Amino acid sequence: MNFTRNDIEFVKNLDVYEYKKIQSIAKNVLDEIKSFIKPEISEKEIVEECKLLLKKHGIDETWYYDCPALVLLGSRSCLSVSGKNYVPSEEKVGKENLITIDLSPLKNGVWGDCSRSFVVEDGIVKSETDIKNFEFLEGLRIERELHNHFIEFVKPGMSFEDVFIELNEKIKSFGFENLDFNGNLGHTIEKDRNNRIYFEKSNVKKITENMSFTFEPHIRMIGKKYGFKFENIYYFENGSVREL
(Lines give C-alpha, C1' and ligand atoms only; values in the text may rest on other atoms or scores of the structure.)
Protein backbone atom coordinates (compact mmCIF):
# COMPACT_ATOMS: atom_id res chain seq x y z
CA MET A 1 0.00 0.00 0.00
CA ASN A 2 1.27 3.47 -0.85
CA PHE A 3 0.03 6.28 1.39
CA THR A 4 0.84 9.92 0.79
CA ARG A 5 1.67 12.35 3.56
CA ASN A 6 -1.76 13.88 3.06
CA ASP A 7 -3.39 10.48 3.55
CA ILE A 8 -1.77 10.01 6.94
CA GLU A 9 -2.28 13.60 8.12
CA PHE A 10 -5.92 13.69 7.07
CA VAL A 11 -7.59 12.31 10.20
CA LYS A 12 -10.65 14.33 11.29
CA ASN A 13 -13.23 11.68 12.29
CA LEU A 14 -11.57 9.06 10.11
CA ASP A 15 -8.15 7.53 10.64
CA VAL A 16 -7.41 7.19 6.95
CA TYR A 17 -4.31 5.06 7.43
CA GLU A 18 -6.09 2.42 9.54
CA TYR A 19 -9.15 2.33 7.29
CA LYS A 20 -7.01 2.07 4.16
CA LYS A 21 -5.28 -0.98 5.64
CA ILE A 22 -8.56 -2.82 6.22
CA GLN A 23 -10.05 -1.76 2.88
CA SER A 24 -6.85 -2.85 1.14
CA ILE A 25 -7.23 -6.32 2.68
CA ALA A 26 -10.76 -6.56 1.27
CA LYS A 27 -9.49 -5.57 -2.19
CA ASN A 28 -6.66 -8.09 -1.98
CA VAL A 29 -9.06 -10.88 -1.05
CA LEU A 30 -11.31 -9.97 -3.96
CA ASP A 31 -8.31 -10.27 -6.24
CA GLU A 32 -7.12 -13.55 -4.72
CA ILE A 33 -10.53 -15.23 -4.93
CA LYS A 34 -10.47 -15.14 -8.74
CA SER A 35 -8.25 -18.21 -9.05
CA PHE A 36 -10.56 -20.19 -6.73
CA ILE A 37 -13.65 -19.62 -8.88
CA LYS A 38 -14.26 -22.59 -11.20
CA PRO A 39 -17.36 -24.13 -12.85
CA GLU A 40 -17.85 -26.79 -10.14
CA ILE A 41 -17.53 -24.33 -7.23
CA SER A 42 -20.73 -23.24 -5.44
CA GLU A 43 -21.80 -19.93 -3.99
CA LYS A 44 -21.44 -21.44 -0.51
CA GLU A 45 -17.89 -22.60 -1.22
CA ILE A 46 -16.91 -19.12 -2.41
CA VAL A 47 -18.21 -17.68 0.87
CA GLU A 48 -16.10 -20.13 2.87
CA GLU A 49 -12.99 -19.42 0.81
CA CYS A 50 -13.46 -15.67 1.28
CA LYS A 51 -13.59 -16.24 5.05
CA LEU A 52 -10.36 -18.25 4.90
CA LEU A 53 -8.62 -15.57 2.84
CA LEU A 54 -9.77 -12.83 5.22
CA LYS A 55 -8.46 -14.87 8.15
CA LYS A 56 -5.14 -15.33 6.34
CA HIS A 57 -4.88 -11.54 6.29
CA GLY A 58 -5.68 -11.29 10.01
CA ILE A 59 -9.43 -10.61 9.75
CA ASP A 60 -11.83 -12.84 11.65
CA GLU A 61 -14.58 -10.33 12.46
CA THR A 62 -17.28 -8.55 10.52
CA TRP A 63 -19.40 -5.50 11.29
CA TYR A 64 -22.25 -6.73 9.03
CA TYR A 65 -24.28 -9.03 11.27
CA ASP A 66 -22.59 -12.46 10.89
CA CYS A 67 -21.89 -12.00 7.19
CA PRO A 68 -18.26 -11.21 6.30
CA ALA A 69 -18.83 -12.29 2.69
CA LEU A 70 -22.11 -11.97 0.79
CA VAL A 71 -21.84 -13.86 -2.50
CA LEU A 72 -24.54 -13.98 -5.18
CA LEU A 73 -24.23 -15.69 -8.52
CA GLY A 74 -26.24 -16.38 -11.61
CA SER A 75 -29.97 -16.46 -10.93
CA ARG A 76 -29.34 -14.81 -7.53
CA SER A 77 -27.19 -11.90 -8.73
CA CYS A 78 -30.30 -9.67 -8.86
CA LEU A 79 -31.31 -10.66 -5.33
CA SER A 80 -31.09 -7.82 -2.84
CA VAL A 81 -30.86 -9.17 0.69
CA SER A 82 -29.63 -7.98 4.08
CA GLY A 83 -26.67 -9.77 5.61
CA LYS A 84 -28.82 -10.76 8.57
CA ASN A 85 -31.04 -12.82 6.23
CA TYR A 86 -28.42 -14.08 3.79
CA VAL A 87 -27.97 -17.83 3.35
CA PRO A 88 -25.48 -18.93 0.66
CA SER A 89 -26.79 -21.35 -1.92
CA GLU A 90 -25.42 -24.55 -3.43
CA GLU A 91 -25.79 -23.11 -6.94
CA LYS A 92 -22.59 -23.67 -8.94
CA VAL A 93 -20.69 -21.24 -11.10
CA GLY A 94 -20.85 -23.17 -14.38
CA LYS A 95 -19.18 -22.17 -17.64
CA GLU A 96 -20.73 -18.69 -17.97
CA ASN A 97 -21.94 -16.56 -15.11
CA LEU A 98 -21.78 -13.36 -13.12
CA ILE A 99 -20.72 -13.45 -9.46
CA THR A 100 -20.93 -10.56 -7.01
CA ILE A 101 -18.91 -10.65 -3.79
CA ASP A 102 -19.41 -8.10 -1.00
CA LEU A 103 -16.90 -8.15 1.88
CA SER A 104 -17.41 -6.48 5.27
CA PRO A 105 -14.22 -6.99 7.31
CA LEU A 106 -13.71 -5.57 10.80
CA LYS A 107 -10.57 -5.21 12.90
CA ASN A 108 -10.15 -3.20 16.10
CA GLY A 109 -13.38 -1.34 15.38
CA VAL A 110 -12.28 -0.35 11.87
CA TRP A 111 -14.54 -1.22 8.94
CA GLY A 112 -13.83 -2.28 5.41
CA ASP A 113 -16.63 -2.45 2.83
CA CYS A 114 -15.94 -3.50 -0.74
CA SER A 115 -17.74 -5.39 -3.49
CA ARG A 116 -16.93 -6.42 -7.03
CA SER A 117 -18.58 -8.28 -9.92
CA PHE A 118 -16.74 -11.15 -11.59
CA VAL A 119 -17.49 -12.38 -15.09
CA VAL A 120 -16.99 -16.07 -15.84
CA GLU A 121 -16.73 -17.14 -19.47
CA ASP A 122 -15.33 -20.47 -20.69
CA GLY A 123 -15.21 -21.56 -17.06
CA ILE A 124 -12.74 -18.94 -15.83
CA VAL A 125 -12.88 -15.40 -14.43
CA LYS A 126 -12.17 -13.07 -17.34
CA SER A 127 -10.50 -9.68 -17.33
CA GLU A 128 -12.66 -6.97 -18.88
CA THR A 129 -10.56 -6.85 -22.05
CA ASP A 130 -11.30 -10.54 -22.69
CA ILE A 131 -15.07 -10.55 -22.04
CA LYS A 132 -17.30 -11.31 -25.04
CA ASN A 133 -20.86 -11.02 -23.64
CA PHE A 134 -22.27 -7.51 -24.19
CA GLU A 135 -24.45 -7.61 -21.06
CA PHE A 136 -21.39 -8.34 -18.93
CA LEU A 137 -19.30 -5.64 -20.58
CA GLU A 138 -22.04 -3.03 -20.33
CA GLY A 139 -22.76 -3.78 -16.66
CA LEU A 140 -19.11 -3.33 -15.71
CA ARG A 141 -18.83 -0.17 -17.81
CA ILE A 142 -21.90 1.46 -16.28
CA GLU A 143 -20.70 0.69 -12.75
CA ARG A 144 -17.47 2.50 -13.60
CA GLU A 145 -19.35 5.45 -15.10
CA LEU A 146 -21.56 5.74 -12.01
CA HIS A 147 -18.60 5.81 -9.65
CA ASN A 148 -16.86 8.43 -11.76
CA HIS A 149 -19.98 10.58 -11.71
CA PHE A 150 -20.38 10.11 -7.95
CA ILE A 151 -16.81 11.31 -7.36
CA GLU A 152 -17.35 14.41 -9.50
CA PHE A 153 -20.84 15.22 -8.21
CA VAL A 154 -20.76 14.79 -4.43
CA LYS A 155 -19.82 17.84 -2.34
CA PRO A 156 -20.10 18.73 1.36
CA GLY A 157 -23.40 20.47 2.13
CA MET A 158 -25.49 18.36 -0.23
CA SER A 159 -28.22 16.24 1.30
CA PHE A 160 -28.14 12.48 1.10
CA GLU A 161 -31.34 12.72 -0.94
CA ASP A 162 -29.62 15.05 -3.44
CA VAL A 163 -27.11 12.31 -4.19
CA PHE A 164 -29.81 9.62 -4.27
CA ILE A 165 -31.86 11.55 -6.85
CA GLU A 166 -28.90 12.45 -9.05
CA LEU A 167 -27.39 8.98 -9.19
CA ASN A 168 -30.71 7.19 -9.62
CA GLU A 169 -31.45 9.43 -12.58
CA LYS A 170 -28.03 8.57 -13.94
CA ILE A 171 -28.77 4.84 -13.57
CA LYS A 172 -32.04 5.26 -15.49
CA SER A 173 -30.35 7.33 -18.21
CA PHE A 174 -28.07 4.37 -18.93
CA GLY A 175 -31.03 2.00 -19.31
CA PHE A 176 -30.47 0.29 -15.96
CA GLU A 177 -32.48 -0.07 -12.74
CA ASN A 178 -31.56 0.11 -9.05
CA LEU A 179 -32.05 -3.33 -7.45
CA ASP A 180 -31.45 -2.44 -3.80
CA PHE A 181 -34.29 -3.69 -1.58
CA ASN A 182 -34.44 -0.32 0.17
CA GLY A 183 -33.58 1.69 -2.93
CA ASN A 184 -30.47 3.19 -1.35
CA LEU A 185 -27.07 3.61 -2.98
CA GLY A 186 -24.68 3.53 -0.02
CA HIS A 187 -24.18 4.63 3.57
CA THR A 188 -21.83 6.32 6.00
CA ILE A 189 -19.03 4.45 7.73
CA GLU A 190 -19.71 4.23 11.46
CA LYS A 191 -18.59 2.44 14.61
CA ASP A 192 -22.12 1.04 15.06
CA ARG A 193 -23.89 -0.30 11.97
CA ASN A 194 -27.22 0.95 13.36
CA ASN A 195 -25.98 4.54 13.01
CA ARG A 196 -25.47 4.36 9.25
CA ILE A 197 -26.92 7.25 7.22
CA TYR A 198 -28.08 6.23 3.75
CA PHE A 199 -28.16 7.80 0.31
CA GLU A 200 -31.92 7.37 0.05
CA LYS A 201 -35.16 9.15 -0.76
CA SER A 202 -36.35 11.80 1.71
CA ASN A 203 -33.08 11.81 3.67
CA VAL A 204 -32.44 15.54 4.03
CA LYS A 205 -29.46 15.17 6.36
CA LYS A 206 -26.43 17.04 5.07
CA ILE A 207 -23.18 15.48 3.98
CA THR A 208 -20.28 16.94 5.97
CA GLU A 209 -16.59 17.03 5.16
CA ASN A 210 -15.67 14.75 8.07
CA MET A 211 -17.84 11.90 6.80
CA SER A 212 -16.77 8.78 4.96
CA PHE A 213 -19.28 6.69 3.04
CA THR A 214 -19.78 3.85 0.61
CA PHE A 215 -21.17 4.08 -2.88
CA GLU A 216 -22.55 0.69 -3.92
CA PRO A 217 -25.05 0.73 -6.77
CA HIS A 218 -26.64 -2.71 -7.33
CA ILE A 219 -27.95 -2.48 -10.87
CA ARG A 220 -29.38 -4.46 -13.77
CA MET A 221 -29.82 -3.61 -17.42
CA ILE A 222 -33.58 -3.33 -17.87
CA GLY A 223 -35.04 -6.61 -19.07
CA LYS A 224 -31.80 -8.52 -18.64
CA LYS A 225 -30.64 -11.33 -16.35
CA TYR A 226 -27.69 -10.20 -14.23
CA GLY A 227 -27.30 -7.80 -11.31
CA PHE A 228 -23.97 -5.96 -10.96
CA LYS A 229 -22.30 -4.58 -7.83
CA PHE A 230 -19.27 -2.38 -7.34
CA GLU A 231 -18.53 -0.75 -3.99
CA ASN A 232 -15.82 1.52 -2.62
CA ILE A 233 -15.46 3.65 0.48
CA TYR A 234 -14.93 7.36 -0.16
CA TYR A 235 -13.98 10.37 1.96
CA PHE A 236 -13.34 14.09 1.45
CA GLU A 237 -9.99 15.76 1.11
CA ASN A 238 -10.05 19.54 0.59
CA GLY A 239 -13.71 19.31 -0.39
CA SER A 240 -13.20 16.65 -3.08
CA VAL A 241 -14.18 12.98 -2.96
CA ARG A 242 -11.34 10.49 -2.80
CA GLU A 243 -11.37 6.71 -2.79
CA LEU A 244 -10.25 5.14 0.44
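The following exchange asks how several descriptions of this predicted model are justified.

User: What makes the overall dimensions of the protein agree with those of a compact globule?

Analyst: For 244 residues the globule rule gives a radius of gyration near 18 Å, and the protein has 17 Å, so the two agree. Along the principal axes, the C-alpha atoms fill a box of roughly 45 × 40 × 35 Å. The chain forms five helices and 13 strands, and buried residues make up 52% of the total. Among contacts between residues at least 6 apart in sequence, 65% join residues at least 24 apart.

User: Why is Y64 called buried, and why is Y65 called partly exposed?

Analyst: Buried requires under 20% relative accessible area. Y64 has 14%, so Y64 is buried. Y65 has 26%, which lies between the 20% and 50% limits, and therefore Y65 counts as partly exposed.

User: What makes the pair of Y64 and Y65 tilted?

Analyst: The ring centres are 5.3 Å apart, and pairing requires centres within 6.5 Å. The planes of Y64 and Y65 meet at 55 degrees; stacked needs under 30 degrees and edge-to-face over 60. The angle fits neither, so the pair is tilted.

User: Why is the pair of F150 and F215 called stacked?

Analyst: Its planes are 10 degrees apart, and under 30 degrees counts as stacked, so the label follows. The centres of F150 and F215 are 4.3 Å apart. F150 belongs to helix α4 (residues 134-153) and F215 to strand β9 (residues 212-215), 65 residues apart. F150 is at 0% relative accessibility and therefore buried; F215 is also at 0%, so F215 is buried. Both residues belong to a cluster linked by ring pairs, which includes F160, F199, F213, Y234 and F236. A search of the whole structure finds 11 aromatic pairs.

User: How do you know that R116 sits over the ring of F230?

Analyst: The charged end of R116 is 3.9 Å from the ring centre of F230, and the distance limit is 6 Å. The position must also lie within 35 degrees of the ring normal. R193 lies over the face of Y65 in turn, at 4.0 Å from the ring centre.

User: How do you know that β2 and β6 each pair with β3?

Analyst: Pairing needs at least two bridges. Five bridges join β2 to β3 and seven join β3 to β6, so both pairs qualify. Both run antiparallel. L103 in β3 is the bridge partner of A69, and V120 in β6 is that of N97.

User: What makes β3 mostly covered?

Analyst: Seven of its seven residues are buried. N97, I99, I101 and L103 point one way, while L98, T100 and D102 point the other way, and all are buried. In a regular strand the side chains alternate between the two faces of the sheet.

User: Which residues touch the most other members of the largest nonpolar core?

Analyst: They are I33, I37, I46, I99, I101 and L103, in a core of 40 residues. Elements that each supply at least two residues of this core include α2 (16-32), α3 (43-56), β3 (97-103) and β6 (114-121). The largest share, seven residues, comes from α2. A second, separate core has 29 residues, among them V119, L167, M221 and Y226.

User: What does L103 touch beyond four places away in sequence?

Analyst: L103 touches A26, V29, L30, C50, L54, P68, A69, G112, D113 and C114.

Definitions and conventions
Residues numbered from 1 in each chain as written. Predicted model: local features only at pLDDT ≥ 70, side-chain atom pairs only at ≥ 80, totals over all residues. Heavy atoms only, no water. Core = buried A, V, L, I, M, F, W, Y, C linked by side-chain atoms within 4.5 Å. Buried < 20%, exposed > 50% of the residue type's maximum accessible area, 1.4 Å probe, protein only. Helix = DSSP H or I, 4+ residues; strand = E, 2+ residues; numbered from the N terminus. Contact = heavy atoms within 4.5 Å. Phe/Tyr/Trp six-rings, centres within 6.5 Å; stacked < 30°, edge-to-face > 60°. Rg over C-alpha atoms; globule rule 2.2 N^0.38 Å.
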